[in-house]
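Biologist: Hey, got a minute? I'd like to go through this model with you. Can you pull it up?

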Amino acid sequence: MAKVWFVGAGPGDPDLITVKGRHLIEKADAILFAGSLVSETAMRWAKPDCQVMDSKGMDLEEIIAWLIAQAQDERTVIRLQTGDPGLYGALIEMVQPLDERGIDVGVVPGVSSAMASAAAGVESLTLPEVTQTVILTRVEGRTPMPEGESLPELAQHHCTLCLFLSITLLKKVQADLLDAGWSEDAPILVVHKASWPGEEKIIRGTLADIREKCRTEKINSQAMIIISPAMGSRHWPEIKKSKLYDKRFSHRFRKAAHKI
Ligand code: SAH
């Protein structure tokens, strides 16, 4: 039976695909990819006779029709997507028509650009006693935000926020965060083309000046915005240590030296 796999290609660097994703590419009969660096990932490992196709210029219906047409006999078909397929990837819109036709479907997770951007900046998205929560979201654009998920509401948690699809809306990001009580000096990280070999750009600024800095650097696409109370903690003189490695803290795999 044919199977359609939705595979996360990772954020750009072809080395950031999972081993499982790579193995599937090696055996795939047909691959439909989205984005230029994703194509490099596909080309690097696909069989010479694999049908590799760019979905640029195809609408959702054409994509679905292509996947259905390829999913015959015992074929392995891949929809290769940036980052993780479950984040802003129209996954369910593609899965439902396949389900309707009884076509088997699988998903291979990928390294999201949120994680790659934090890694690029050597940032931890969580820090003990500072923030233990990460919100992956976007600013309202053409896609309306569901009730309770507007940025001013989410920003009130004062935890880490990773904003996808929002780099052209930095003015709104600034206004919403100020409304939610963040300070003008709050540090912000913007990463453009995180992990893309030779093209990654890291911009650091504050809520007050990040927009100007991004304008100067001409960054208006493919960028992640991270705002976090833990931002820059690499350089803090003192941080609360994680209990995980605390000598006095036992967990399932390690007995404490001294009981607390
Ligand atoms: N599924 C993807 C997100 C797709 S939505 C993931 O998990 O990463 C597209 C948005 O993702 C872009 O607007 C941008 O905000 C972000 N993005 C994708 N690749 C990126 C990269 N290499 N660097 C920074 N941001 C990226």
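Modeller: Sure, and keep in mind that this is a predicted model. Let's start with D84, which is buried yet has no salt bridge.

Biologist: Which side chain of opposite charge is nearest to D84, and how far away is it?

Modeller: That's K20, and it is 13 Å away. A salt bridge needs the nitrogen and the oxygen within 4 Å.

Biologist: Where is D84 in the chain, then?

Modeller: D84 sits in the loop between strand 4 (76-81) and helix 4 (91-100).

Biologist: And what does D84 touch?

Modeller: Leaving out residues up to four places away in sequence, D84 touches P109, G110, V111 and S112.

Biologist: OK, how many salt bridges are there in the whole structure?

Modeller: A search of the whole structure gives 10. One of them joins K201 and E217, with the closest N and O atoms 3.8 Å apart.

Biologist: What does that pair tie together?

Modeller: K201 is in strand 9 and E217 is in the loop between helix 8 and strand 10, so the salt bridge links parts that are 16 residues apart in sequence.

Biologist: Are K201 and E217 buried or exposed?

Modeller: In between: K201 is partly exposed at 33% relative accessible area, and E217 is partly exposed too, at 36%.

Biologist: What else does E217 touch besides K201?

Modeller: I203, again not counting residues up to four places away in sequence. E217 and I203 are 14 residues apart in sequence, and their C-alpha atoms are 8.5 Å apart in space.

Biologist: Got another salt bridge for me, maybe one inside a helix?

Modeller: Try D176 and K172, whose side chains meet at 3.1 Å, N to O. They are 4 residues apart in helix 7, so about one helical turn separates them.

Biologist: Which of D176 and K172 is buried?

Modeller: D176 is, at 7% relative accessibility, while K172 is partly exposed at 35%. In helix 8 there's also a salt bridge between E212 and R215, at 3.3 Å, N to O. Those two are 3 residues apart, about one turn of the helix.

Biologist: Back to helix 7. Which of its residues are buried?

Modeller: L170, V173, Q174, D176 and L177.

Biologist: What do the buried residues of helix 7 pack against?

Modeller: They pack against helix 6 (151-155), strand 7, helix 8 and strand 10. Just after helix 7 comes G181, which has a positive phi of about 95 degrees.

Biologist: Let's switch to sheets. What is the strand order in the open sheet of 5 strands?

Modeller: The order is 6-7-10-8-9, and the pairing is mixed. Strand 6 (134-138) and strand 9 (201-206) are the edges, since each pairs on one side only. From one strand to the next, the twist averages 20 degrees.

Biologist: How do strands 8 and 10 run?

Modeller: Strand 8 and strand 10 are antiparallel, with 5 bridges joining them. Within that pairing, I188 stands opposite I227 in strand 10. Helix 5 (residues 113-120) packs on this sheet, and its direction makes about 70 degrees with that of strand 10.

Biologist: What about strand 2, which strands does it pair with?

Modeller: It runs parallel to strand 3 over 4 bridges, and 4 bridges also join strand 2 to strand 4, again parallel. For example, F33 has D54 in strand 3 as its bridge partner, and L32 stands opposite R79 in strand 4.

Biologist: Which side chains of strand 2 are buried on each face?

Modeller: A30 and L32 are buried on one side, and I31 and F33 are buried on the other. That fits a general pattern: in a regular strand the side chains alternate between the two faces of the sheet.

Biologist: Last topic, cysteines. How many disulfides are there?

Modeller: The count is 0.

Biologist: Why doesn't C159 form a bond?

Modeller: Because the closest cysteine sulfur, in C162, is 9.4 Å from the sulfur of C159, which is too far. A disulfide would need the two sulfur atoms within 2.5 Å.

Biologist: And why not C214?

Modeller: Because its closest cysteine sulfur is also in C162, and that one is 15 Å away, too far for a bond. C214 is buried at 1% relative accessible area, and C159 is buried at 4%.

Terms used:
Residues are numbered from 1 along each chain as its sequence is written. This is a predicted model: local features need pLDDT of at least 70, side-chain atom pairs count only at pLDDT 80 or more; totals for chains, interfaces and linings use all residues. Side-chain values use heavy atoms; hydrogens and water are left out. Contact means heavy atoms within 4.5 Å. Buried means under 20% relative accessible area, exposed over 50%, partly exposed in between (1.4 Å probe, protein chains only). Lys and Arg count as positive and Asp and Glu as negative; His and the chain ends are not counted. Two strands pair if DSSP finds at least two bridges between them. Axes are lines fitted to C-alpha atoms, for helices over the stretch in contact, and angles run from 0 to 180 degrees between N-to-C directions.
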